[in-house]
Amino acid sequence: MADTAAVPLTPVSPPHGPLARAEHFVWRTARVLEQRLFAHHFRDGAAGPVETALEAYRNDDGGYGHALEPALRGPASHPAHTARALHVLDAVGRCDARRAEDVCRYLTSVSAAEGALPAVLTALRPAGSGAGAARLPGALSATAPMTGLLHRNEVWHPWLFRATDFCRRAVESSEAARPEDVEAAVIFLDHAPDRARAEAAAERLGRLVRREGLVVLDPDGPGARPAAPPAASEAQPSAPADAPGHTPGAPRFPHDYARTPGSLARAWFTDAEMERSLDALAAGQQADGGWPARPLPGAAEPTPVALLEARPLATIEALRTLAAHGRSLA
């Protein structure tokens, strides 16, 4: 009988090319959901297995929990978990009316009177306990991404009308912003109804981003911080605190705002600025094949487990951004 134990389960030679190296990283470190999501985006995997894996994180209240957003632990539903779920459903084309209705039911239960969602809920209780979450002031960073994605999928719900009004007022009246607010606002503006109004708001926001220095235009210039060194091992999964574009509150690169060429934020940057940004993103792939993950604003200091779980998500998004802008992943 052949000695099957002697047969290697993984290739002896290290993989080459950004996609192959990332795939090796995902298979070794990712949860089932991210493995299925990677297969869907890059290996012609079906959408069904992704949705099945996501279902394990859904609660009876229509929201999502169970550390779907790795920075937040525990079973209770949370806007950040639910936002992550909505991104996944949108990415695989499964954000249908039935699922959106459940999500909006949960969002209504935790939103402020104007429809805005809090960035962090501090009084969450386990799902099924019969107790709701404490109501906190609404935040653009929490509300805008979900509002934009629901509009993208042509969902209509009473909560969405109120949330849309909140996002419009917040974006159009802002004289200062944090990078996470701008990223969220772009998702909203890219898909909001009344395109002329959205384009005008995006032009104004782009001027604010450049005026306030909320973007690193030259990754090699004096205003940029040193790039993150390669990860030495899986025991050191996160980027150092001074990695460019990955420090809470630090300026982002152009690709963090304009994740696709069709985004309204793409007009904020010249071709040269965008190319330098994508060069920096490609160079951010670490020795183990993954990209570093950015901490979730407002969340507690992440544990090593949370950091490791977040990196496959960041890796998939980095690959999708590079591919959307026409960069080769071979």
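**Group meeting: helices and aromatic rings in a predicted model**

Let us begin with one residue, Thr143: setting aside neighbours within four places in sequence, Thr143 is in contact with Gly115, Ala116, Leu117, Trp159, Ala163, Phe166 and Cys167. Please keep in mind that this is a predicted model. Thr143 lies in helix H6. Is Thr143 buried or exposed? Its relative accessible area is 0%, and because buried means under 20%, Thr143 counts as buried.

Helix H6, residues 140-152, leads us to helix H8, since H6 is among the elements that cover the buried residues of H8. The others included there are helix H7 (158-173), helix H9 (195-211) and helix H10 (254-257). How many of the 13 residues of H8 are buried? The count is 10, and H8 is thus mostly covered. Among them are Pro179, Glu180 and Asp181 at residues 179 to 181, and also Val182, Glu183, Ala184, Ala185 and Val186. Phe188 and Leu189 complete the list of buried residues in H8.

We may also check the length of H8, which comprises residues 179-191. At 1.5 Å a residue, its 13 residues should span 18 Å; the expected span is 1.5 Å times one less than the number of residues. The C-alpha atoms at the ends of H8 are 19 Å apart, which agrees with that expectation.

I turn now to a pair of packed helices. In general, two packed helices are described by the angle between their axes and the distance between the axes. Helix H3, residues 48-55, and helix H4, residues 79-91, pack at an angle of about 165 degrees, and their axes are 10 Å apart. That angle makes H3 roughly antiparallel to H4, because angles over 145 degrees count as roughly antiparallel. The crossing of H3 and H4 is left-handed. Which residues make the contact? From H3 they are Val50, Glu51 and Leu54, and from H4 they are Ala85, Val88 and Leu89.

My last topic is the aromatic rings. A search of the whole structure finds five aromatic pairs. In one of them, Phe38 and Phe42, the ring centres are 5.0 Å apart and the planes stand at 50 degrees, so the pair is tilted. The reasoning is that planes under 30 degrees apart count as stacked, those over 60 as edge-to-face, and the rest as tilted. Where do Phe38 and Phe42 lie? Both belong to helix H2 (residues 32-42), four residues apart, which is about one turn of the helix. Phe38 and Phe42 are both buried. Finally, ring pairs link Phe38 and Phe42 with Trp27 into a cluster.

Methods: Residues numbered from 1 in each chain as written. Predicted model: local features only at pLDDT ≥ 70, side-chain atom pairs only at ≥ 80, totals over all residues. Heavy atoms only, no water. Phe/Tyr/Trp six-rings, centres within 6.5 Å; stacked < 30°, edge-to-face > 60°. Helix = DSSP H or I, 4+ residues; strand = E, 2+ residues; numbered from the N terminus. Buried < 20%, exposed > 50% of the residue type's maximum accessible area, 1.4 Å probe, protein only. Contact = heavy atoms within 4.5 Å. Axes fitted to C-alpha atoms, helices over the stretch in contact; angles between N-to-C directions. Parallel < 35°, antiparallel > 145°, perpendicular 65-115°, else oblique. Left-handed = near helix turned anticlockwise from the far one by under 90°.
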